[in-house]
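Trainee: Could you take me through one part of this model closely, namely its sheets, and then show me how the surrounding features fit around that part? I would like one connected account that I can follow with the structure open.

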Amino acid sequence: MNFNKYDNVLLEATDGIGTLTINRPKVLNALNSATLQDIGDALREVESHPDEIKVLIITGSGTKSFVAGADITEMRSMNTMQALALSKLAHKSFGEIEDLPQFTIAAVNGYALGGGCELASSCDMRIGSAKTKFGQPEVGLGTIPGFGGTQRLTRLVGRGKAKEMIATSTMISADEAYRIGLLDELVEPEELMNKAHEIAKQVMKNGMIAVALAKYSVDRGADLPLDVAVDMESQLFAETFATQDQTEGMNAFVEKRDSKFTGK
Ligand code: CAA
């Protein structure tokens with residue numbers, strides 16, 4: 001499958017697994033406006049190719065960095081309105097990651113600072129290694145996280161840890177990130193992409209509509225009152241009973257055979 005070529009990201013897919021690589025290694029994959037735009041454009045391609053991409057892995061180019069944050073060189077002379085536009089552009093692109101029907105895995109291959117930690121936090125799960133370092137260094141630059149760090153990070157690790165990371169602007173190790181639940185899996189550096197592929201393959205064995213509805217339910221339900229959230233879950237649960245995958249999955253169980261899901 002040939003996807004569009006982008007200046008700042010690479011999009012490729014093999015055997016149903018897509019990889020979106022942030023590709024500005026000279027600046028440790030820092031996110032300027034053009035890169036945020038490319039991420040959004042690439043995600044729209046991902047969404048429109050559900051057969052070619054069932055699971056999307058997001059990673060950074062090179063061996064040192066996932067994403068070292070927003071591009072400080074571009075940001076430093078911005079005025080208030082330009083900063084607002086940059087933040088809104090990032091929220092649009094990162095919101096699109098969260099809203100993708102496909103399951104997303106951040107393979108955090110190095111520094112995930114500022115916008116990098118925020119990008120990883122927008123994915124469905126995060127895998128790291130001893131090379132992974134997270135941080136929200138913005139207050140050290142006289143600003144605050146503006147790509148979701150005060151919101152998504154807080155929802156992942158709780159208010160206290162998020163505020164500690166933000167207010168101290170210090171980096172945390174992969175061990176610490178794993179301990180506080182920011183990393184879901186911790187592996188040897190050379191195993192990072194293998195682990196991401198292993199999890200992707202496990203996800204792909206299942207009904208893809210069910211995976212999409214389940215992640216939607218988890219994400220949307222998290223900020224709703226419990227009674228409203230469980231009601232939403234009932235509706236989505238019922239919706240799966242209108243799919244061929246539900247019929248196939250349950251028939252396969254009863255007939256003691258592997259299911260052949262079609263995503264319909
Ligand atoms: N923006 C622009 N350029 C960056 C960058 C960034 N966020 N991070 C690294 N670079 C550039 C460096 O300027 C350097 O370029 P030159 O070779 O032209 O000098 C190159 O990438 C390599 O970086 P270093 O030489 O600094 O590499 P290092 O190994 O010594 O340090 C690092 C690595 C600790 C990650 C360090 O680069 C660093 O601290 N980077 C900035 C991290 C940061 O503050 N990120 C938050 C940005 S603000 C933000 O993200 C706001 C938000 O919420 C939207």
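**The sheets and what surrounds them**

Mentor: In this predicted model, an open sheet is built from 6 strands, which run in the order β1-β2-β3-β5-β7-β10 with mixed pairing. The edges of this sheet are taken by β1 (9–14) and β10 (185–186), each of which pairs on one side only. As general background, the strands of a sheet pair through backbone hydrogen bonds, and they do so either parallel or antiparallel.

Let us begin at the β1 edge. Here β1 and β2 pair in the antiparallel sense, over 6 bridges, and within this pairing T14 stands opposite I17 in β2. The two strands form a hairpin with 2 residues between them, and in that hairpin D15 takes a positive phi near 50°. D15 belongs to the loop between β1 and β2, and its phi is worth a second look, since a positive value is found here in a residue other than glycine. In general, most residues other than glycine have a negative phi. As for its surroundings, D15 has a relative accessible area of 69% and is therefore exposed.

If you follow the chain onward from β2, you come to N32, which is placed in the loop between β2 (17–22) and α1 (33–47). With a relative accessibility of 13%, N32 counts as buried, because the cut-off for that class is under 20%. The side chain of N32 also makes a polar contact with the side chain of T35, at 2.5 Å.

Further along the strand order, β5 (residues 103–108) and β7 (residues 125–128) pair in the parallel sense over 4 bridges, in contrast to the antiparallel pairing of β1 and β2. In the pairing of β5 with β7, V108 stands opposite G128 in β7.

There is also an open sheet of 4 strands, arranged in the order β4-β6-β8-β9, and its pairing is mixed as well. At its edges stand β4 (65–67) and β9 (172–173), each with a single partner strand, so one side of each is left without a neighbour in the sheet. At the β9 end, β8 and β9 pair in the antiparallel sense over 2 bridges, and K133 stands opposite S173 in β9.

From β8 we can move to the aromatic pairs, of which the count comes to 2. One of them joins F94 and F147 in an edge-to-face arrangement, with 6.0 Å from centre to centre and 85° between the planes. F94 lies in helix α3, whereas F147 lies in the loop between β8 (133–135) and α5 (152–157), so this pair ties together parts that are 53 residues apart in sequence. Both F94 and F147 are buried. The other pair is formed by F237 and F241, again edge-to-face, with 5.0 Å centre to centre and 65° between the planes. Here the surroundings of the rings can be read from their accessibility: F237, at 53%, counts as exposed, while F241, at 39%, counts as partly exposed.

Helix α3, which carries F94, also takes part in the largest pocket, which holds about 550 Å³ of space. Its lining is made up of 25 residues, and those that lie nearest the centre of the pocket are A70, M75, E138, T143 and I144. The helices α2 (72–75), α3 (80–99) and α4 (115–121) each supply at least two residues of this lining, and α3 gives the most to it, with 4 residues. Sorted by class, the lining of the largest pocket contains 13 nonpolar, 9 polar and 3 charged residues.

To finish, it is useful to set K256 beside the hairpin residue D15, because K256 too has a positive phi, near 55°, in a residue other than glycine, and at 76% relative accessibility it counts as exposed. K256 is placed in the segment after α11 (244–254), whereas D15 lies in the loop between β1 and β2.

Note on methods. Residues numbered from 1 in each chain as written. Predicted model: local features only at pLDDT ≥ 70, side-chain atom pairs only at ≥ 80, totals over all residues. Heavy atoms only, no water. 1 Å grid on protein atoms, 1.4 Å probe; cavity = no way out; pocket = protein on both sides within 12 Å on 5 of 7 lines; lining within 4 Å. Points joined across faces, edges and corners; volume = space filled by probe spheres on them. Nonpolar A, V, L, I, M, F, W, Y, C, P; charged D, E, K, R; others polar. Phe/Tyr/Trp six-rings, centres within 6.5 Å; stacked < 30°, edge-to-face > 60°. Buried < 20%, exposed > 50% of the residue type's maximum accessible area, 1.4 Å probe, protein only. Pairing = 2+ DSSP bridges. Polar contact = N/O pair within 3.5 Å; in protein donor to acceptor, adjacent residues only side chain to side chain.
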